[in-house]
Amino acid sequence: HHHNIWNQKTASLASENSHYLGKIFALLQSKTGHNFTHYKHTTVNRRIEKRMAVNRIDTLADYVVYLQKSPPEVDALFKELLIGVTSFFRDAKLYESLKKKVIPLLFEPNNLSLATRIWVVGCSTGEEAYSMAMLLKEHIDTINSYAKIQIFATDIDYAALNFARAAIYPESMVVDVSPERLKRFFCKKDHAYTINKEMREMVCFAN
């Protein structure tokens, strides 16, 4: 019986929470024009909780009220939700199968078009787009091809795009890049690595 009451309580809490989340999404959309409804809810909840902690607010209901009164907080939450989770060659297994199974298909003699275009969606600070560029470059070098490759990389976060265009990554961000690739595709200066010009020219970043 206790268990049952507890379940009802948890369920009503969840529906109350989704009511407030709905209001938060509506506020974000009216202020920023972006719809976060389909974002992964665990991520969204964690980042809302972080903003609540910063503002010392205990309940979601109170946080909604605070957002309604404070436009700068809506911007702060928006920025918090945009923080990218990305790194070079982020899912090693995935890149391995791209390298072995997918990329060679793009450059089979009967498939060879003048340009190969690739779109990286939600590119954040650019690591995925440049990882893609490195793989493609390595492959066309092995087949001695002059195929033109264009990578389009898009995101809604202007600050992240500017970072990606600058292509300067601190040492801590290039830990997943092999020494061979660092030597071949990056220039080191102080404690930072810049992606070389040839790679940068393969990628076009857009909002």
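In the predicted model, K50 is partly exposed, with a relative accessibility of 45%. Its side chain meets that of E80 in a salt bridge, with an N to O distance of 3.2 Å. K50 belongs to helix α2 and E80 to helix α4 (residues 71-82), so the pair ties together parts that are 30 residues apart in sequence. E80, in contrast to K50, is buried, as its relative accessible area is 9%, under the 20% cut-off.

Helix α2 (residues 41-54) also holds R51. This arginine has a relative accessible area of 15% and is therefore buried. When residues up to four places away in sequence are left out, R51 touches Y63, E73, A76, L77 and E80. E80 is thus a contact of R51 and the salt-bridge partner of K50. Y63, another of the residues touched by R51, is one of the buried positions of helix α3. Helix α3 spans residues 60-69, and L60, Y63, V64 and L67 are buried in it. These four residues lie on the same side of α3, because the arc they cover around the axis is only 105°.

A search of the whole structure finds 10 salt bridges, the K50 and E80 pair being one of them. Side chains of opposite charge can pair when their charged atoms come close. Four further charged residues, K137, D141, R184 and E198, are linked in a network of salt bridges. Within this network, K137 pairs with E198, their closest N and O atoms being 3.3 Å apart. K137 is in helix α6 and E198 in helix α9 (residues 197-202), so this pair ties together parts that are 61 residues apart in sequence. K137 counts as buried at 14% relative accessibility, whereas E198 is partly exposed at 43%.

The side chains of R184 and D141 also form a salt bridge, at 2.2 Å from N to O. R184 lies in helix α8 (residues 179-185) and D141 in helix α6, so the pair ties together parts that are 43 residues apart in sequence. Both residues are partly exposed, with relative accessibilities of 38% for R184 and 31% for D141. Helix α6 accordingly provides K137 to one of these pairs and D141 to the other.

The largest nonpolar core comprises 36 residues, and those with the most contacts inside it are F88, Y130, I151, F186, V203 and F205. Helix α6 (residues 127-142) gives the most to this core, with 8 residues. Another core, of 19 residues, lies apart from it and includes F25, L28, F36 and I57. In the largest core, F186 is among the residues with the most contacts. With neighbours within four places in sequence set aside, F186 is in contact with F88, M134, V174, V177, R181, Y193, T194, I195 and N196. One of these contacts, F88, is likewise listed among the residues with the most contacts inside the core.

Nonpolar side chains also occur at the surface. W119, V121 and F152 form a nonpolar patch there, with about 340 Å² of accessible area together. V121 lies in strand β1, which covers residues 115-121. Its relative accessibility is 54%, so V121 counts as exposed.

Definitions and conventions: Residues are numbered from 1 along each chain as its sequence is written. This is a predicted model: local features need pLDDT of at least 70, side-chain atom pairs count only at pLDDT 80 or more; totals for chains, interfaces and linings use all residues. Side-chain values use heavy atoms; hydrogens and water are left out. A nonpolar core is a set of buried Ala, Val, Leu, Ile, Met, Phe, Trp, Tyr and Cys residues joined through side-chain atoms within 4.5 Å. Buried means under 20% relative accessible area, exposed over 50%, partly exposed in between (1.4 Å probe, protein chains only). Helices (H or I, at least four residues) and strands (E, at least two) are DSSP runs, numbered from the N terminus. Contact means heavy atoms within 4.5 Å. The arc is that of the directions from the helix axis to the C-beta atoms. Patches are made of residues with over 30% relative accessible area and no salt bridge: like charges are joined within 9 Å, nonpolar side chains (Val, Leu, Ile, Met, Phe, Trp, Tyr) within 5 Å. Accessible areas come from the Shrake-Rupley method with a 1.4 Å probe; for residues, only the protein chains shown count as cover.
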